[in-house]
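Me: Please take a close look at the salt bridges of this structure. I should like a connected account of which side chains pair and where they sit in the chain.

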Amino acid sequence: MKEHLYKVPANKKIRIIIDTDAYAEADDQFAIVHALLTPKFEVVGIIAEQFGSSHYENSMEKSYEEIKRILQLMNLEGKIPVFKGAEKALTDEKTASISEGAKFIVKEAMKEDDRPLFVLNMGALTNLASAYLINPEIKDKLLAVWIGGGPYPVGYMDFNSGNDINAANVVLSSTIELWQIPLTAYTMMEVTFHELFERVKPHGEIGNYLVENLLRVNEIECASNLDFLPFFKNASKAAKTMIIRSGEGWSLGDSPAVGVLITPQTKYSEVRRAQRMNADGSYGEYVGENRTIRVYHSIDSRVILEDMFTKIKYHFGS
């Protein structure tokens with residue numbers, strides 16, 4: 001990669017751990033690339049996250065392989081540590097799933113370093129929750145950003161929370177500083193395929209892979225029968241062409257985890273009392289009087305996407 005165009009002041013630089021279910025769909029890959037191209041960040045490690053067993057029994061392993069593939073295409077193989085996380089969701093809220101990924105979070109959080117540590121959770125919260133259960137002292141030593149949860153105030157099950165409700169409640173009930181980006185915000189990252197063919201695909205092996213992989217996943221997703229979903233099964237044939245997937249584009253839903261650390265987006269957020277999640281993903285009882293989290297209700301997708309597009313072009317364009 002090329003030398004960065006500008007220098008970030010030392011007091012603004014941060015450490016980043018990316019926790020990703022990279023093989024679950026095709027948007028994590030864009031966020032990983034964006035983070036690795038951002039001069040404010042030192043990505044100190046990437047952890048493979050499980051995403052349930054409905055698609056693959058070995059979902060964490062598939063995520064691990066995908067992370068390695070992305071690094072190889074960026075010529076960063078061997079330069080960024082990659083760790084395996086838990087293979088399955090937590091069985092309860094008291095028992096950690098011991099993995100090299102969870103242990104790495106603890107180690108990095110407890111390390112003497114003046115730069116703040118952010119853990120970007122772009123999937124289930126299994127590995128972060130396990131790290132906290134292993135050593136609760138990390139609660140004051142990191143800030144977690146989570147892509148997950150249904151819209152407030154009621155909420156419902158989204159993919160990331162559904163893959164480990166126990167882990168979500170461990171983190172929500174802790175005192176870890178948490179910025180939550182729920183479905184209402186992360187689905188604002190809409191792009192069209194034509195846009196990606198113009199802005200991403202021409203730029204190196206990684207640009208080509210990002211788009212071609214997204215098209216591969218789109219074919220699978222659009223062919224999926226989602227009639228089991230309450231809001232889908234009663235829709236007309238015409239309406240179904242526009243629910244979740246349109247066939248013309250995608251929502252790069254994990255990119256806000258990177259974007260909120262590049263540009264201030266607090267005007268789209270509120271600090272509110274944390275609530276536990278019920279078994280159906282809805283928001284339940286308040287954790288406590290003093291436990292608060294930041295929740296983003298909206299995202300400035302333009303600035304995040306433009307920053308990603310131009311960084312990819314600068315580093316990998318001809």
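Reply: In this predicted model, one network of salt bridges links Arg15, Glu42, Glu108, Lys111, Asp113 and Arg115. The search of the whole structure gives 14 salt bridges, and three further pairs can be described individually.

The pair of lysine 84 and glutamate 61 has an N to O distance of 3.2 Å. Because lysine 84 belongs to strand 3 (residues 82–84) and glutamate 61 to helix 2 (residues 59–73), this salt bridge ties together parts 23 residues apart in sequence. Both partners are partly exposed: the relative accessible area is 28% for lysine 84 and 22% for glutamate 61.

A salt bridge also joins lysine 201 to glutamate 212, with 3.3 Å between the closest N and O atoms. Lysine 201 is in the loop between helix 8 (193–199) and helix 9 (204–222), whereas glutamate 212 is in helix 9, so that the pair links distant parts of the chain, 11 residues apart. Glutamate 212 is partly exposed, at 36% relative accessible area.

The pair of lysine 311 and aspartate 307 lies within one helix, helix 13 (residues 301–316). Its closest N and O atoms are 2.7 Å apart. The two residues are 4 positions apart, which means a separation of about one helical turn. In an α-helix there are 3.6 residues a turn, so residues three or four places apart point the same way. Since buried means under 20% relative accessible area, lysine 311, at 8%, counts as buried, and aspartate 307, at 18%, is buried as well.

As for the charges overall, the protein has 35 positive and 43 negative side chains, and the centres of these two sets are 4 Å apart.

How values were computed: Residues are numbered from 1 along each chain as its sequence is written. This is a predicted model: local features need pLDDT of at least 70, side-chain atom pairs count only at pLDDT 80 or more; totals for chains, interfaces and linings use all residues. Side-chain values use heavy atoms; hydrogens and water are left out. Lys and Arg count as positive and Asp and Glu as negative; His and the chain ends are not counted. The place of a charge is taken as NZ of Lys, CZ of Arg, CG of Asp or CD of Glu. A salt bridge is a side-chain nitrogen of Lys or Arg within 4 Å of a carboxyl oxygen of Asp or Glu. Buried means under 20% relative accessible area, exposed over 50%, partly exposed in between (1.4 Å probe, protein chains only).
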